[in-house]
Amino acid sequence: MKLTIVTGLTALAVLAFMVELLRRRQLQEKYAILWLAVSVLIVPLAFFPFLTDNLAKALGILSGVSLVLFLGIVFLLLVTVHLSWEVSRLEEETRTLAEDLALLRSELGRPRPKDWAQDSAVQEPADPSAEEVAPDGQR
C-alpha cells in the first residue's frame, strides 16, 4: 500500500514539474507532450497496480513489475535514440550555418571579430613592441 501511494505521488509530482517547465517555456512542447503522456499513464497504474498485473498476465508475463521494467527500458532506449538523432541533426545544421557565415564574411571582406580570435585554439603571437613599460622605464 505504501509503494502505491509513493508511486502515485511521484507520478503526480513529475506531472506538475513538467507543467511548470512548460509554463516557464524551459521545455519544448514536443518533449513536454511525451513526458506528460508518460505521467498520465503512470498515475492510474500507480494507484491501481492490479491493472499492471492483469495486463502482464494477458501478455503472458508472470509479473506486472517485470512488464513495467521492460517497458521502462524500451522507452528510455527510444528516448536516447531520438535525442541522439536530434543532436546529430543540430550538429549538421550548426556546421552548415558556420560555413555560410564564413562565406558571407569572405564576400564582404570582413575578418573574424577579435573576441572570437581570442577564443580560438590558435592564438596569434604577441607583438613585443606592444609590451607595457613600467613608469621607471623597466619592462
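Helices H3 and H4 pack at an angle of about 85°, with their axes 8 Å apart (axes are lines fitted to C-alpha atoms, for helices over the stretch in contact, and angles run from 0 to 180 degrees between N-to-C directions). H3 and H4 are therefore roughly perpendicular to each other (angles of 65 to 115 degrees count as roughly perpendicular, under 35 as roughly parallel, over 145 as roughly antiparallel and the rest as oblique). Keep in mind that this is a predicted model, where local features need pLDDT of at least 70 and side-chain atom pairs count only at pLDDT 80 or more, while totals for chains, interfaces and linings use all residues. Residues are numbered from 1 along each chain as its sequence is written, and side-chain values use heavy atoms, with hydrogens and water left out.

**The overall picture**

- The protein has five helices and zero strands (helices, H or I of at least four residues, and strands, E of at least two, are DSSP runs numbered from the N terminus).
- Read from the N terminus, the order of elements is α-α-α-α-α.
- Of the 139 residues in the protein, 12% are buried (buried means under 20% relative accessible area, exposed over 50% and partly exposed in between, with a 1.4 Å probe and protein chains only).
- Take the contacts between residues at least 6 apart in sequence: 42% of them join residues at least 24 apart (contact means heavy atoms within 4.5 Å).

**Where H3 meets H4, and Thr 52**

- On the H3 side, Thr 52, Asp 53, Leu 55 and Ala 56 meet Gly 64, Leu 67 and Val 68 of H4.
- Thr 52 sits in H3, which covers residues 49-58.
- With a relative accessible area of 9%, Thr 52 is buried.
- Setting aside neighbours within four places in sequence, Thr 52 touches Leu 45, Gly 64, Leu 67 and Val 68.

**Helix H2, one side in and one side out**

- H2 runs for 19 residues and spans 27 Å from its first C-alpha to its last, close to the 27 Å expected at 1.5 Å a residue (the expected span is 1.5 Å times one less than the number of residues).
- Which residues of H2 are buried? They are Tyr 31, Ala 32, Ser 39, Val 43 and Ala 46.
- These buried residues cover an arc of only 105° around the axis, so they lie on the same side of H2 (the arc is that of the directions from the helix axis to the C-beta atoms).
- The face of H2 turned away from that buried side carries Ile 33, Val 40 and Leu 41, which are exposed.
- What do the buried residues of H2 pack against? Their partners are H1, H3 and helix H4 (64-108).

**How H2 lies against H3 and H4**

- The H2 and H3 axes come within 4 Å and cross at roughly 100°.
- That crossing makes H2 roughly perpendicular to H3.
- At this meeting point, H2 offers Pro 44, Leu 45, Ala 46 and Phe 47, while H3 offers Pro 49, Leu 51 and Thr 52.
- With H4, the H2 axis comes within 13 Å and crosses at roughly 180°.
- H2 is thus roughly antiparallel to H4.
- Here Lys 30, Tyr 31, Leu 34, Trp 35 and Val 38 of H2 meet Phe 75, Val 79, His 82, Leu 83 and Glu 86 of H4.

**The nonpolar core**

- The largest nonpolar core has five residues: Met 18, Leu 21, Leu 27, Tyr 31 and Ala 32 (such a core is a set of buried Ala, Val, Leu, Ile, Met, Phe, Trp, Tyr and Cys residues joined through side-chain atoms within 4.5 Å).
- Helix H1 (2-23) and helix H2 (29-47) each supply at least two residues of this core.
- Leaving out neighbours within four places in sequence, Met 18 is in contact with Leu 27, Trp 35 and Leu 36.

**H1 and the loop after it**

- Thr 4 belongs to H1 and, at 17% relative accessibility, counts as buried.
- Apart from neighbours within four places in sequence, Thr 4 contacts Ala 46, Phe 47 and Pro 49.
- Thr 10 is in H1 too, but Thr 10 is partly exposed, with a relative accessible area of 44%.
- Thr 10 and Ala 46 are 36 residues apart along the chain, and their C-alpha atoms are separated by 9.2 Å.
- Arg 25 is in the loop between H1 and H2, and at 70% relative accessibility Arg 25 counts as exposed.
- The phi of Arg 25 is near 60°, a positive value in a residue other than glycine.
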